[in-house]
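Trainee: I have a model open on my screen and would like to learn how to read it. Could we go through it together?

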Amino acid sequence: MTSAEGAKRVTQRGLWYEEFEVGTVYEHRPGRTITEADNTLFTTLTMNTQALHLDAAWSATQPGFGGQRLVNSMLTLSTIVGLSVAQLTQGTLVANLGFHEIAFPAPMFAGDTLYGETECTGKRLSKSRPGEGIIDLTHIGRNQDGVVVARASRSTLVRVRPEEG
């Protein structure tokens, strides 16, 4: 039996500013299958009373989605960002600076699995906050068939790698 004392230890974290590479696409796995319960809970917690998310009988009478209820698009957006955290920003993020260019080109339904990927589209050191840098990211969500269901660009503030010492 070996002892963990003295063993090399690795703590999971996100990337330091220097580790982000413009043009790199980071794939986030595993994906997340969105359930009916997920959609109903998120929708009611956020006070979104849109019947297309909550009312199966009414949704069944509406054209365009085969009688299915739609997954709340904000749940989709939150999940694709959440899928990226462990790989990109856990413990290295200072702040989420903002989202822009958000689109939902195809619907999500209960039972669909959401997969995320993130492209680093830009980076620069902060002029006003020494030891931090701005990283521009584009998050893409795809369903189990590879169809893009969400796309969002955002800017984040992340820490520069601390000096060893």
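Trainee: Is Phe-20 buried or exposed, and what is its relative accessible area?

Mentor: Happy to start there, and do keep in mind that this is a predicted model. A residue counts as buried when its relative accessible area is under 20%. Phe-20 falls under that cut-off, so it is buried, with a relative accessible area of 1%.

Trainee: Which residue forms an aromatic pair with Phe-20, and is the pair stacked or edge-to-face?

Mentor: A pair of aromatic rings is described by the distance of the centres and the angle of the planes. By the pairing rule there are 2 aromatic pairs. In one of them, the centres lie 6.3 Å apart and the planes meet at 75 degrees, and an angle over 60 counts as edge-to-face. The partner of Phe-20 is Tyr-26, and the pair is edge-to-face.

Trainee: Which elements does the chain have, and in what order do they run?

Mentor: The chain holds 4 helices and 5 strands. Read from the N terminus on, their order is β-α-α-α-α-β-β-β-β.

Trainee: What is the radius of gyration of the chain, and what does the globule rule give?

Mentor: For 165 residues the globule rule gives 15 Å, and the chain is well over that, so it is more spread out than a compact globule. Along its principal axes, the C-alpha trace spans about 65 × 50 × 30 Å. The radius of gyration itself is 19 Å.

Trainee: In helix α1, which residues are buried?

Mentor: Helix α1 covers residues 36-45. Seen down its axis, the buried residues fall within an arc of 120 degrees, so they line one face of the helix. On the other side, Ala-37, Leu-41 and Leu-45 are exposed. The buried ones are Asp-38, Asn-39, Phe-42 and Thr-43.

Trainee: What covers the buried residues of α1?

Mentor: Here we look for elements in contact with those buried residues. Among them are a strand and two helices from elsewhere in the chain. Their names are β1 (25-33), α2 (51-54) and α4 (73-88).

Trainee: Where is Met-47 found, and what phi does it take?

Mentor: Met-47 is found in the loop between α1 and α2. At 67% relative accessibility, it counts as exposed. Although Met-47 is not a glycine, its phi is positive, at about 60 degrees.

Trainee: What is the place of Glu-101, and what phi does it have?

Mentor: Glu-101 is in strand β2, which runs over residues 93-103. Its relative accessibility is 64%, so Glu-101 counts as exposed. Glu-101 is not a glycine, yet it has a positive phi of about 55 degrees.

Trainee: Is the peptide bond from Arg-29 to Pro-30 cis or trans?

Mentor: Pro-30 is found in strand β1. The omega of the bond from Arg-29 to Pro-30 is near 5 degrees, and the bond is cis.

Trainee: Which residues does Ala-51 touch, not counting those up to four places away in sequence?

Mentor: Ala-51 lies in helix α2. At 22% relative accessibility, it counts as partly exposed. The residues that Ala-51 touches under that condition are Trp-58 and Ser-59.

Trainee: Which feature does UniProt place at residues 22-134?

Mentor: In this model, the span is 31% helix and 32% strand. Its end C-alpha atoms lie 12 Å apart. According to the UniProt record, an unreviewed entry, the feature is "domain: MaoC-like".

Conventions: Residues numbered from 1 in each chain as written. Predicted model: local features only at pLDDT ≥ 70, side-chain atom pairs only at ≥ 80, totals over all residues. Heavy atoms only, no water. Buried < 20%, exposed > 50% of the residue type's maximum accessible area, 1.4 Å probe, protein only. Arc of directions from axis to C-beta. Contact = heavy atoms within 4.5 Å. UniProt positions renumbered as here; feature names shortened; annotations may be inferred. Phe/Tyr/Trp six-rings, centres within 6.5 Å; stacked < 30°, edge-to-face > 60°. Rg over C-alpha atoms; globule rule 2.2 N^0.38 Å.
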